[in-house]
Amino acid sequence: MSVAVVVGMQWGDEGKGKIIDLLAENVDIVARYQGGHNAGHTICFNNKQFVLHLIPSGIFHEDKLCVIGNGVVVDPHALVDEMRQLEETGLNLEGRLIISDRANIIMPYHGTSDKGRESDSGFQKIGTTGRGIGPSYADKIARAGIRTCDLRDETYLTERLRANYDEKQKILQTLYRTELPEFNSLLDELMSYRETILKYIADTHTFMRDQISQNKNILCEGAQGTMLDVDHGTYPFVTSSNSTAGGACTGLGIPPTKIDRVLGVIKAYTTRVGEGPFPTELLDADGERLGKVGHEFGATTGRARRCGWFDAVVARYGVHLNGVDALVLTKVDVLDGFDTIKVCTGYKYKGKVFSDMPADPEVIANCDPVYVEFDGWSESTLGIQDYDKLPQNAKNYIDRLSELVETPFMMISTGPDREQTILRESLF
Ligand code: GDP
Ligand code: IMO
Ligand code: MG
């Protein structure tokens, strides 16, 4: 039996979707533990590309089960839409997709509130995906949320929605001069998804417990990344859930004693979407080149991702916080052709060098990164599957990164496709 958590090590978009899809071949279950349809996980095989938002990245392996855990916030419209798109490709989801009956639902007023706050000059703009993620988690913590199990009982669902409706109507009218749709139209919309969703919901904690006791191999899929974790990331420029490995326990109902491995996915450079401090950000031709060669555009919103050099302060922080025992390094091919590649090993601020991640936004935003430099390589690494075939300077770079972050690279990704991967160690 083995349970492994796969976690993003930077500000998201590290290539988790590709890696989880690849690893899913040798597991029984892939289970998402947090986030919502703010995530965009890209999977490429057989010359096709798919972007998943809510559905776990194991779905393209027809003999695997996929779980959406209680820690995920589910927008019924987005869910049903994504399910239909997958079914149109010929995939069967019934009996393969299991959604927690304890997951909180994202309602249309969550999106309104998210966008309203983002455009309100009185608030700090976060650059959210506008998907209602923050307001939905806020309702969950405030014990006002509507959960998937509430769909089973129409009377209870109507009461819950009524209480929320009256409160949200007042807030949205006062703050953003926005009118909610009629109560009945919101209820009818929710009810229109009821039949579909009820077919898929179940007690996923007991399901996971039984699967673990049957010695099944399980991958817990994180969305976003360590630096977007609400507790440990660059707060307030974070998402509203625990994307770090601990989120797998609360977000799936798996006890910590059952987790065997934690795998970190990390890009050979760094990207970030939205606002917030980013010490190694490059606002020059090198940054532009990383964005262009790496096709760094948000898989959910299409926004250009900010790009910068690899940050070993971030990486070490993620290794320690998540208890990462192996890493996957992605997008090495994007560095092909750079004369010099830099890696940040510390943050210099007012004469002090931080090698551990500081909490203060002021320090992270205004520090000077301390860089070490590497000679680049001119050869193409795209699609290389054998470590020995990498150019010597690429090997030097990878080996030195591994030393700096005190963790081995189990896999190295050299292109978006499943096949474009160097496997150095198997997961289980
Ligand atoms: P995720 O959110 O962590 O799943 O990552 P995204 O899918 O949002 O972004 C990663 C992007 O990089 C996607 O377009 C992938 O297809 C692509 N990708 C993943 N691994 C590699 C790689 O090794 N090389 C290149 N060039 N692209 C990659
Ligand atoms: P994946 O799973 C990159 C960012 C948003 C914004 C902040 C808060 O594909 O790695 P939210 O809508 O969550 O309240 O926005 O978090 N963000 C992501 N950035 N990848 C993601 O997911 C992200 N999900 C949210 O851009 O800065
Ligand atoms: Mg993404």
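**Ligand 2 and the second largest pocket**

Tutor: In this predicted model, a polar side-chain atom of Thr 129 lies 2.6 Å from an oxygen atom of ligand 2.

Student: What makes the pair formed by Thr 129 and ligand 2 a polar contact?

Tutor: The cut-off for a pair of N or O atoms is 3.5 Å. The Thr 129 side-chain atom lies 2.6 Å from the ligand oxygen, so the pair counts as a polar contact.

Student: Which backbone atoms lie at such distances from an oxygen atom of ligand 2?

Tutor: A backbone N or O atom of Asp 13 lies 2.9 Å from a ligand oxygen, and one of Val 273 lies 3.0 Å from a ligand oxygen. Both pairs are within 3.5 Å, so they are polar contacts as well.

Student: How do you know whether ligand 2 is buried or exposed?

Tutor: Taken alone, ligand 2 exposes 560 Å², and the protein buries 97% of that.

Student: What surrounds ligand 2?

Tutor: There are 20 residues around the ligand, and Lys 16, His 41, Thr 129, Gln 224 and Thr 239 come nearest. By class, the shell has 7 nonpolar, 10 polar and 3 charged residues.

Student: Now the second largest pocket. Why is it said to lie between domain 1 and domain 3?

Tutor: Domain 1 (2–102 + 201–261) and domain 3 (265–423) both give residues to its lining, so the pocket lies between them.

Student: Which residues lie nearest the centre of that pocket?

Tutor: Of 28 lining residues, those nearest the centre are Thr 42, Gly 294, Arg 305, Lys 331 and Pro 416. The lining divides into 8 nonpolar, 12 polar and 8 charged residues, and the pocket volume is about 600 Å³.

Note on methods: Residues are numbered from 1 along each chain as its sequence is written. Chains are lettered from A and ligands numbered from 1 in the order in which they are written. This is a predicted model: local features need pLDDT of at least 70, side-chain atom pairs count only at pLDDT 80 or more; totals for chains, interfaces and linings use all residues. Side-chain values use heavy atoms; hydrogens and water are left out. On a 1 Å grid over the protein atoms alone, a cavity is a set of points where a 1.4 Å probe fits but cannot get out, and a pocket is an open set with protein on both sides within 12 Å along at least five of seven lines; lining residues have an atom within 4 Å of a point. Grid points are joined across faces, edges and corners, and a volume is the space filled by probe spheres set on the points. Ala, Val, Leu, Ile, Met, Phe, Trp, Tyr, Cys and Pro count as nonpolar, Asp, Glu, Lys and Arg as charged, and the others, Gly among them, as polar. Domain bounds come from an automatic or database domain assignment. A residue is near a molecule or strand if one of its heavy atoms lies within 4 Å of it. A polar contact is a pair of N or O atoms within 3.5 Å; within protein, one must be able to donate a hydrogen and the other to accept it, and residues adjacent in sequence count only if both atoms are side-chain atoms. Accessible areas come from the Shrake-Rupley method with a 1.4 Å probe; for residues, only the protein chains shown count as cover.
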